[in-house]
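Me: I've got a protein model open and keep tripping over the vocabulary. Can you walk me through what the words rest on?

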Amino acid sequence: MIYYSKFKNENAGDLKSKLINDEPVIIFGTGNFGVIVCTALEKIGIKIQGFADNNEANWGSTFNGYKVYSHSEIIESFSDRSFIIASLSYVFIKKQLSKFGIKHFFDCDFLFSLIDLNSFLIFFFSLFLILT
C-alpha cells in the first residue's frame, strides 16, 4: 500500500532548517506517537533533548532512549527550546505549554511532509515486529 496525503505543510522545509540549527528539541508525548515522531526526527537530523509528558509516573524515567522531564523541569530548564507535540491532544497541550511560558511548539504533522512515509512505515513496522 502506498501512503498518499493531499495535506502538505508548505513550511515544513523552513521549520526543519530552523530545528536542525537550534538546540535539541523536546518531544511532548510518550505514547506510540512519541516513538514514531522520535524516529522521524532522528531520521531527518533533528537533535532531541528528551521527552515531556503529563503522566507523572513517566517523569524521570527513560523513554525510547531519552529522559522524560517533569513539568517543573521543562519550565525551569527548557522554556526557550522548541517542543514537538506528539499527541492527538495538540490543542490542549498547546494551551498547556503556553501557560508554562513556552513559546516555540509545533504539531508533529510537519514531519510527514519531509519523509518518505512508505519506506519509513516499512522500517517502523519491521522494527515493531522485531521488538514484539
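Me: What makes the end-to-end distance of α2 agree with its number of residues?
Reply: The expected span of a helix is 1.5 Å times one less than its number of residues. Helix α2 has 12 residues, so it should span 16 Å, and its end C-alpha atoms are 17 Å apart, which agrees. By the way, this is a predicted model: local features need pLDDT of at least 70, side-chain atom pairs count only at pLDDT 80 or more, and totals for chains, interfaces and linings use all residues. Residues are numbered from 1 along each chain as its sequence is written, and side-chain values use heavy atoms, with hydrogens and water left out.

Me: Why is Cys38 called buried?
Reply: Buried means under 20% relative accessible area (exposed is over 50%, partly exposed in between, with a 1.4 Å probe and protein chains only). Cys38 has 0% relative accessibility, so it counts as buried. Cys108 makes the cut too, because its relative accessible area is 1%.

Me: Which residues of α2 are buried?
Reply: Cys38 has company there: Gly34, Val37, Thr39, Ala40 and Leu41 are buried as well. Over the whole protein chain of 132 residues, 40% are buried.

Me: How many disulfides are there?
Reply: Zero. To count, a pair of cysteine sulfur atoms would have to be within 2.5 Å.

Me: What counts as a helix or a strand, and how many of each are there?
Reply: They are DSSP runs, numbered from the N terminus: helices are H or I with at least four residues, strands are E with at least two. By that rule the protein chain has five helices and six strands. Along the sequence they follow the pattern α-β-α-β-β-β-α-β-α-β-α.

Me: How do you know that β1 and β2 pair?
Reply: Two strands pair if DSSP finds at least two bridges between them. Strand β1 (residues 25–28) and strand β2 (residues 48–52) have four bridges, in the parallel sense. One spot to look at is Ile26, which stands opposite Gly50 in β2.

Me: Which way do β3 and β4 run, parallel or antiparallel?
Reply: Antiparallel, with two bridges joining them. Thr62 has Lys67 in β4 as its bridge partner. Two residues lie between the strands of this hairpin, where Asn64 takes a positive phi near 55°. On the other hand, β2 and β4 run parallel, also joined by two bridges, and there Ala52 is partnered with Tyr69 in β4.

Me: What makes β3 and β6 edge strands?
Reply: The open sheet has six strands in the order β3-β4-β2-β1-β5-β6, with mixed pairing. Strands β3 (62–63) and β6 each pair on one side only.

Me: Why is the crossover from β5 to β6 called right-handed?
Reply: Point the strands away from you: if the path from the first strand over the helix to the second runs clockwise, the crossover is right-handed. The chain goes from β5 through helix α4 (residues 90–99) to β6, and this β-α-β crossover is right-handed. Strands β5 (residues 82–85) and β6 (residues 104–107) run parallel and share four bridges, and Ser82 stands opposite His104 in β6.

Me: Which strands does α2 lie across?
Reply: Helix α2 (residues 32–43) lies across β1, β2, β3, β4 (66–69) and β5, at about 170° to β2. Such angles run from 0 to 180 degrees between N-to-C directions, using lines fitted to C-alpha atoms, for helices over the stretch in contact, and contact means heavy atoms within 4.5 Å.
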